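Let's take a friendly walk through a protein model, one step at a time. Have a look at the picture, then read on.

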Amino acid sequence: MTSSIGSHEIYPQYCFHLSPTIAKWCHLRCADIVALTTHPGFEGQDLYFHKNHPIKWVRIAGMVVAVDDFGPWRAYTIDDSSGATTECHVNLPKPTANSATPGSGNLAPAAKPSNAAAQQQQQKMELLGGEINVGDIIDVKGTIRVYRQTRQIKAEKIVQLKSTEKEVEFWEKVIALRKDALDKPWVLDEKVVRKCRKEAEGYEGKQARKERRERRERREKEKDSESRTTGATPNRKPEKSAEEQAARKPNARLTGLEKRPKPSKVAIPITGKYSALGL
């Protein structure tokens, strides 16, 4: 079932894989981030819309005008001269035991990480937050999140643009995305929407059957394990007679060979007013 925002039709989520914007880094301006809309039914998925184009992964570029540390993360405020600014957040690595404590006179460099996880964390820090200062031009990839009713970008990758050619190349991609996709609404044929719905319903049916089968197998395994631990045989239903089985099957026919109950013999009393000869 489709809905609409204004004059633009919002397609169901099972059609999103056909969108030209859902699975790519969308080059946007800071003002575009502020202007993105939301739609009921997509809460908690970090999904936003430009007209009816679903957008999840964004990419912006601009000058760093502020750098602030807030405990476990760092915020870079970016201004791209579009009339708005955007904060980009980067998670900072946790302090290690070898790091110098505040107030101590030990200013020796921290020891090198001793395991692969620490090395990966240090590489992430160098990739996302290392050596970026106010006045640098950076290119940020990430997802949009809301913090204190303000949209921010949770950075996945930050790269410095150290030449004017790189900046021009970025803005050319911004213009190309608007010209090829964002400036016109996303339109799908009704046949395509119905096909996507059938595929989604078939997939959901398969998933439901798979879950039911897994639950049934899990219950059977639990019963088997309980019977092994207690030493008792699992309860079985009593076998039904052939006539009862045939009665459950309306198309089944009796062959006459089924086992039938034998008639009970009832003894007739002969004592009374008359004798056995009726005299």
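Strands are DSSP runs of E with at least two residues, helices are runs of H or I with at least four, and both are numbered from the N terminus. One residue to find is D139, which sits in strand β9. This is a predicted model, where local features need pLDDT of at least 70, side-chain atom pairs count only at pLDDT 80 or more, and totals for chains, interfaces and linings use all residues. Residues are numbered from 1 along each chain as its sequence is written, and side-chain values use heavy atoms, with hydrogens and water left out.

Is D139 buried or exposed? D139 is buried (under 20% relative accessible area, with a 1.4 Å probe and protein chains only), at a relative accessible area of 6%. Its contacts (heavy atoms within 4.5 Å), not counting residues up to four places away in sequence, include R59, K157, V159, L161 and F170.

D139 also helps to line the second largest pocket, together with residues including R59, K157, K166 and F170. Elements giving two or more residues to this lining are β9 (137-147), β10 (150-160) and α3 (164-182). Which of the elements gives the most? That is α3, with 4 residues.

How sure is the predictor? Its confidence in each residue is the pLDDT, from 0 to 100. The protein chain averages 77, and 64% of the residues score at least 70. Over residues 99-113 the pLDDT is below 50, and this stretch has 5 contacts in the model beyond near neighbours in sequence.

How values were computed:
On a 1 Å grid over the protein atoms alone, a cavity is a set of points where a 1.4 Å probe fits but cannot get out, and a pocket is an open set with protein on both sides within 12 Å along at least five of seven lines; lining residues have an atom within 4 Å of a point. pLDDT is the predictor's confidence in each residue, from 0 to 100. Buried means under 20% relative accessible area, exposed over 50%, partly exposed in between (1.4 Å probe, protein chains only).
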